[in-house]
Amino acid sequence: MRGISLVAAIVAGTLLITKSQLHAASHDSSAAQQLFQLTNQEREKNGLPPLAWDDRLAKAAAEHAKLMVDHEELSHQFSGEPSVRDRIAATNLHFDRSGENVAYDDNAEDANRGLMNSPPHRANILSPDYNAIGIAAVTKGDLLYVVEDFARRLPDYTTEKVEQIIAGEVAQARARHRDNPLAQLDDPALREQACQMAQQDRLITSGLKTPKPPRYTVSYTATDPSQLPSSAMAPITNPTMRGFSVGACYAKSASHPNALYWVALTFY
């Protein structure tokens with residue numbers, strides 16, 4: 001080991017690497033897998049569930065690792081490069097939290113030791129908020145460059161499944177209030193309008209095109225379709241309501257580059 005590992009967490013700034021005579025770079029999949037195993041061993045020691053390997057995170061990590069090798073520098077974002085969150089979002093992974101560790105050292109074991117000895121890196125490795133990881137390890141000369149991308153991965157639901165989940169939550173909330181069930185009215189156009197909200201990057205609660213004017217409209221964004229907003233409780237628990245429609249769209253926007261669910265609920 002060369003003394004002190006150079007590492008940089010997502011909160012850290014750029015660290016320059018002393019240049020040496022480096023040779024052609026090559027991806028080291030065995031080192032990446034060793035780091036994956038070491039990471040989960042650290043989590044197990046601390047009573048945390050293991051992280052799942054995700055190829056999309058590994059792809060984002062590999063692209064960034066190449067830039068670090070090209071620049072011979074540790075950084076989380078080079079000039080003209082998207083942020084960590086945006087790089088992960090570009091893989092179409094459904095997620096709501098992300099983080100990154102970068103490092104270089106002689107080998108995978110020493111790189112992991114250096115990361116664990118650095119509080120911000122250790123925090124990423126041992127974060128209970130993450131459930132997935134992708135790792136890239138690139139060898140150039142006698143150096144091993146490492147990028148670890150973390151995320152809280154969400155289920156990849158179809159739009160139909162998301163709408164079913166939301167409708168089920170509406171029914172359960174209604175039942176808990178001991179009111180008669182609401183009839184679900186089919187409104188395919190509502191889904192399109194949910195996507196239009198994402199395109200416009202704003203929620204719309206009035207002027208929605210529906211078969212008949214709704215008595216109440218709730219529009220919102222969510223990363224978890226099973227979580228209804230508090231604003232939906234008033235119409236759901238209103239005993240005079242008789243039916244509802246739901247439209248959902250999973251999409252990115254300027255304010256939400258990592259994408260989430262845009263939802264429109266109408267009540268009659």
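These legends accompany several close-up views of a predicted model.

**View 1. A disulfide links Cys-195 and Cys-249.**
Start with the sulfur atoms: those of Cys-195 and Cys-249 sit 2.0 Å apart and form a disulfide. The structure holds 1 disulfide. A disulfide is a covalent bond between the sulfur atoms of two cysteines. Here Cys-195 belongs to helix H7 (residues 188-200) and Cys-249 to strand S11 (residues 243-251), so the bond ties together parts that are 54 residues apart in sequence. The link between Cys-195 and Cys-249 is right-handed, with 100° about the S-S bond. How exposed or buried is each partner? Cys-195 is partly exposed, at a relative accessible area of 23%, while Cys-249 is buried, at 8%.

**View 2. Arg-215 sits in a loop and makes a polar contact with Thr-240.**
Look for Arg-215 in the loop between H7 and strand S10 (216-222). With 49% relative accessibility, Arg-215 counts as partly exposed; because exposed means over 50%, the value falls on the partly exposed side of that cut-off. The side chains of Arg-215 and Thr-240 make a polar contact at 2.8 Å. Beyond its neighbours within four places in sequence, Arg-215 is in contact with Asn-238, Thr-240, Met-241, Phe-267 and Tyr-268. One of these partners, Phe-267, is 52 residues from Arg-215 along the chain, yet their C-alpha atoms are separated by 5.8 Å.

**View 3. Helices H1 and H4 cross.**
This view brings together helix H1 (residues 29-45) and helix H4 (residues 108-116), whose axes come within 9 Å and cross at roughly 40°. That angle makes H1 oblique to H4, and the crossing of H1 and H4 is right-handed. Which residues of H1 and H4 meet? From H1 come Ala-31, Gln-34, Leu-35, Leu-38, Thr-39 and Glu-42; from H4 come Ala-108, Glu-109, Ala-111, Asn-112 and Met-116. As a reminder, an α-helix has 3.6 residues a turn, so residues three or four places apart point the same way.

**View 4. H4 is mostly covered.**
Staying with H4, 7 of its 9 residues are buried. These buried residues are Ala-108, Asp-110, Ala-111, Asn-112, Gly-114, Leu-115 and Met-116. At the start of H4, a side-chain oxygen of Asn-107 reaches to within 3.2 Å of the backbone nitrogen of Glu-109.

**View 5. Thr-39 is a buried residue of helix H1.**
Thr-39 is found in helix H1 and is buried, with a relative accessible area of 0%. What does Thr-39 touch, not counting residues up to four places away in sequence? Its contacts are Leu-51, Asn-112, Ile-125, Ile-133 and Glu-148. Among them, Asn-112 is part of H4 and features in the meeting of H1 and H4.

**View 6. Ile-135 is buried in strand S7.**
Ile-135 takes its place in strand S7 (residues 132-140) and counts as buried at 4% relative accessibility. Not counting residues up to four places away in sequence, Ile-135 touches Ala-32, Leu-35, Phe-36, Trp-53, Ala-58, Ala-61, Val-146, Val-147 and Glu-148. For a sense of where Ile-135 lies relative to the disulfide cysteine Cys-195, the two are 60 residues apart in sequence and 33 Å apart in space, C-alpha to C-alpha.

**View 7. Asn-258 and Ala-259 share a loop between S11 and S12.**
Asn-258 lies in the loop between S11 and S12 and is buried, at a relative accessible area of 12%. The Asn-258 side chain reaches the backbone oxygen of Phe-95 at 3.4 Å. Setting aside residues up to four places away in sequence, Asn-258 touches Arg-85, Ala-89, Phe-95, Asp-96 and Tyr-250. Ala-259, in the loop between S11 and strand S12 (260-267), has a positive phi of about 70° although it is not a glycine. Ala-259 counts as buried, at 6% relative accessibility.

**View 8. Asn-92 has a positive phi.**
Here is another residue other than glycine with a positive phi: the value for Asn-92 is near 70°. Asn-92 is placed in the loop between helix H3 (84-89) and strand S6 (95-105). Is Asn-92 buried or exposed? Asn-92 is exposed, with a relative accessible area of 54%.

Definitions and conventions: Residues are numbered from 1 along each chain as its sequence is written. This is a predicted model: local features need pLDDT of at least 70, side-chain atom pairs count only at pLDDT 80 or more; totals for chains, interfaces and linings use all residues. Side-chain values use heavy atoms; hydrogens and water are left out. A disulfide is a pair of cysteine sulfur atoms within 2.5 Å. Helices (H or I, at least four residues) and strands (E, at least two) are DSSP runs, numbered from the N terminus. Buried means under 20% relative accessible area, exposed over 50%, partly exposed in between (1.4 Å probe, protein chains only). Contact means heavy atoms within 4.5 Å. A polar contact is a pair of N or O atoms within 3.5 Å; within protein, one must be able to donate a hydrogen and the other to accept it, and residues adjacent in sequence count only if both atoms are side-chain atoms. Axes are lines fitted to C-alpha atoms, for helices over the stretch in contact, and angles run from 0 to 180 degrees between N-to-C directions. Angles under 35 degrees count as roughly parallel, over 145 as roughly antiparallel, 65 to 115 as roughly perpendicular and the rest as oblique. A crossing is left-handed if the near helix is turned anticlockwise from the far one by less than a right angle, and right-handed if clockwise.
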